[in-house]
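Below are some comments on the model you sent, set out as numbered points. They go through the sheets, the domains and the contact between the chains in turn.

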Amino acid sequence: MSQTPKLAVDMVDPDPIRFLDAEGRYSPSSSAADYAAELDGVGIEEFQQWYRDMVETRAFDTEATHLQRQGQLALWVPSIGQEGCQVGLAHATEPQDHIFPAYREHTVAKVRGVSFVELLKLFRGFTHGGWDVTDPANGNFHLYTLVLAAQAQHANGYALGQLLDAKLRAGSSALDAGEQGIATGEATMAFYGDGTSSQGDANEALIFAASYQTPSVFVVQNNGWAISVPFERQSRTPLYRRALGFGMRAVQIDGNDPLAAFAVGRRFMRLAREGGGPGYIEALTYRIGAHTTSDDPTRYREKAELEAWRDRDPVERMEAYLRELGVDEAFFAEVAEQADREAKRVRDAILQLPPPDADSMFAHVYTEAHPRIEEQRTWLERYESSFEADEEITA
Amino acid sequence: MTGSAPTVQATAQPVATLTERTELPLARAINEGLRAAMAADEKVLLMGEDIGPLGGVFRVTDKLQADFGSARVLDTPLAEAGIVGHAIGLAMRGYRPVVEIQFEGFIFPAFNQIVTQLAKITNRHDGKVPMPIVIRVPYGGHIGAVEHHQESPEAYFAHTPGLRVVAPSTPNDAYWMIQQAIQSQDPVLFFEPKAKYWMKGEVDPTAAAAPLHGSRVARAGTDCTIVAFGAMVAAALEAAEVARAEGTSIEVVDLRSVSPVDYGPLLESVRKTGRLVVAQEASGNVSLGSELAAHVAEHAFYSLQAPVLRVSGYDVPFPPARLEGMFLPDADRILEAVDRTMHY
Ligand SMILES: Cc1ncc(C[n+]2csc(CCOP(=O)(O)OP(=O)(O)O)c2C)c(N)n1
């Protein structure tokens, strides 16, 4: 494929679904034709919103890297370059759907309503979570998961719950292997990366998904690298083909094309909600930045490769498309300014957050009372207050 | 394609649960406990390998699929990590999954999901997402089986904050504790002494249950305390009976809960007898016995007449079946330790 810079394994197979070419022109690939109808009714305001989401996330992302460099965050995980598929897929979900991210899905978090300030708490070392997944304001966007692939199973388990709920509602107590046609009205989307596709947990999730025909859609952002290990070490075949082998509907998309992500995501999520079983989307994209702020990508990847992917930047592509649709300069200037303001607001807010108190270590280890925890919590309290008493004496 | 399972809908009649005091084998007591929990709450569901028409390799889930249907008793694909990982997602959705691990040696594919996820999810969510999952684990030796079918891995789980670990020793406890474990909002590892699955005892569904995490004095005595849980309680009681004939009065404490441990009755007992022997099937190094010995030394030091002694499996892999009798502590080995502590 001339459009996609080649990795050593021919992972482009046969023709990823794409609506916008690298220059942002609407020129659907042959594989895209079947999905074109999914874009019917998506208006220019929506495309503008997608663009805004991407730009704001990128500004925030850049700010977060600065914060890490200044010692304000323990770590940051940049997502620059991957906003295209994330924004399309996020907008393809419905409010009642659930989303289980890995740890790099900042654009999805934003679209679903999670505040960037809460998202940063994890990286500031305040919490292992950050936002309340039970609060509808957070759009059923679940917590980041740092043990690779674990969330693929939680997501599909959640989807199995959506299915069993539908069974209960329908008054049926039987669930047969491979049974289809149970409309759930909601579905679950799980995200992970190409490296993670090698994990047992990721593969077991696909087996359970196929076996129970859960309403789930797995999204693999194939960004070419798992830290320093290239995709060709993880797989000798395009990943979507593996999913086909599990008996699932699976396609490969141009992951830097928001329209392709939206169209396929919308179709797959709808089919899942209607009882049509699980789907799998391999999104070909690229991690422009480092794996994390602790990483040094110059040690393992070629500059030429990076440059080739910079030319395919999803934000620029969307901008070109919007210009083609007649969106004027004022809009882009306003978005840039707003994104800047927002990033600064997040920065100020995160620096103002009070650090966690020691009690939070003990508070939620268990839901029900636990003698050992209570004992240690009380002990620490007394120990800490003994210093206060000392201070009073010396004062 | 071969091997398609028939559709299993729940029975039309209301499911009959245990209402009267009945003599039952331990496996059957768990079965009745599961049935009662499932009848009481439609969100309770079972997951595991071969637990449907077969009723599990030990028949603990016998007829539960026929009673409740195949959407409540899920014969899963053969993948332990997948079973536990999916149970977590189901719990997030409001279900109360009860997972069966076929044998304790096969829990390790799921170890990651249990230790890095299940145990930590509530904490990670600042308490907003409870994890009411029970993992049933047939454990322990005495069944003459092949490798990985006779082990006692409880310490790995007791070591992990966020998990609760229990092990009943009697049918009545098994009946009640499985229901309490299911009602718990926290994850519970439920270790079932598989050697005692066929041991009968009276189950009383009408009497109030003892607390899930309470230990109890299984036999009163004055000279020496033996503490044990699961299958070793029977060996401890046997040792106490032999000792009585020899003039030594032994108190047996049945721990029931491995984490948290209810130290009250144990410390009280040690303060009375001044001597403690811990009996466990697991290898002794960094085991529950180590923790019990340390705790008792910290809290009842001046009551002790002798060091706390541990009777454990040796620090070797569980041996081939022909050697298990030598590996596993029995009443004789417990008595050898009792002799040592008495003559210290
Ligand atoms: C089970 C596990 N092993 C190793 C790691 C360390 N680690 C974190 S991210 C990563 C690479 C993941 O690559 P990929 O799945 O392609 O996702 P990407 O980071 O590229 O988005 C590794 C090895 C981990 N978090 N979990």
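1. The model is a predicted one, and I begin with a strand pairing in chain A. Strand β3 of chain A, residues 216-222, runs parallel to strand β7 of chain A, residues 279-284, and six bridges join the two. Within this pairing, Phe218(A) has Tyr280(A) of β7(A) as its bridge partner.

2. This pair belongs to an open sheet of five strands in chain A, whose order is β1-β2-β3-β7-β6 and whose pairing is parallel. The edges are formed by β1 (98-100) and β6 (249-254) of chain A, each of which pairs on one side only. On average, and with direction ignored, neighbouring strands of this sheet are turned by 20° against each other.

3. A helix packs on part of the chain A sheet: α5 of chain A, residues 150-170, lies across β1, β2 (188-193) and β3 of chain A. With respect to β2(A), helix α5 of chain A runs at about 170°.

4. Elsewhere in chain A, Thr57(A) deserves a look; this residue sits in helix α1 of chain A, which spans residues 44-69. Is Thr57(A) buried or exposed? Its relative accessible area is 0%, so Thr57(A) counts as buried. Apart from neighbours within four places in sequence, the residues in contact with Thr57(A) are Ser79(A), His106(A), Thr107(A), Lys110(A) and Phe116(A).

5. Chain B has an open sheet of seven strands, in the order β3-β2-β4-β5-β7-β6-β12, and here the pairing is mixed. Because β3 (73-75) and β12 (257-259) of chain B stand at the edges with a single partner strand each, one side of each is left without a neighbour in the sheet. For this sheet the average turn between neighbouring strands, direction ignored, is 20°.

6. Strand β7 of chain B, residues 188-193, is joined to β6 of chain B, residues 164-166, by three bridges, and these two strands run parallel. Here Arg164(B) stands opposite Val188(B) of β7(B). Strand β5 of chain B, residues 134-139, also runs parallel to β7(B), in this case through six bridges, and Tyr139(B) stands opposite Pro193(B) of β7(B). Between β6(B) and β7(B) the chain crosses through helix α7 of chain B, residues 171-183, in a β-α-β crossover that is right-handed.

7. How many of the six residues of β7(B) are buried? Six of the six are, so the strand is largely enclosed by the rest of the structure. Both of its faces are covered, with Val188(B), Phe190(B) and Glu192(B) buried on one side and Leu189(B), Phe191(B) and Pro193(B) buried on the other.

8. Val137(B), which is found in strand β5 of chain B, is likewise worth inspecting. Its relative accessible area is 0%, and Val137(B) is therefore buried. When residues up to four places away in sequence are not counted, Val137(B) touches Ile101(B), Glu104(B), Ile107(B), Leu189(B), Phe190(B), Phe191(B) and Glu192(B). Val137(B) and Pro193(B) are 56 residues apart in sequence, while their C-alpha atoms are 8.6 Å apart in space.

9. The domain assignment divides chain B into domain 1 (23-203) and domain 2 (216-343), and the C-alpha centres of these two domains of chain B lie 26 Å apart. To the contact between them, domain 1 of chain B brings 25 residues and domain 2 of chain B brings 21 residues. About 1,800 Å² is buried between domain 1 and domain 2 of chain B, with carbon and sulfur atoms giving 55% of this area. On the side of domain 1 of chain B, His142(B), Glu154(B) and Ser169(B) supply 24% of the area buried against domain 2 of chain B, more than any other three residues.

10. My last point concerns the two chains together. The size of an interface is often given as the accessible area lost when the parts come together. By that quantity, chain B and chain A bury about 4,100 Å² between them, and 55% of it lies on carbon and sulfur atoms. The contact takes 55 residues from chain B and 48 residues from chain A. Which residues of chain B lose the most area to chain A? They are His86(B), Arg93(B) and Arg124(B), which together account for 18% of what the chain B side buries.

Key: Residues are numbered from 1 along each chain as its sequence is written. Chains are lettered from A and ligands numbered from 1 in the order in which they are written. This is a predicted model: local features need pLDDT of at least 70, side-chain atom pairs count only at pLDDT 80 or more; totals for chains, interfaces and linings use all residues. Side-chain values use heavy atoms; hydrogens and water are left out. Two strands pair if DSSP finds at least two bridges between them. Helices (H or I, at least four residues) and strands (E, at least two) are DSSP runs, numbered from the N terminus. Axes are lines fitted to C-alpha atoms, for helices over the stretch in contact, and angles run from 0 to 180 degrees between N-to-C directions. Contact means heavy atoms within 4.5 Å. Buried means under 20% relative accessible area, exposed over 50%, partly exposed in between (1.4 Å probe, protein chains only). A crossover is right-handed if, with the strands pointing away from the viewer, the path from the first strand over the helix to the second runs clockwise. Domain bounds come from an automatic or database domain assignment. Buried area is the accessible area (1.4 Å probe) that two parts lose on being put together, summed over both.
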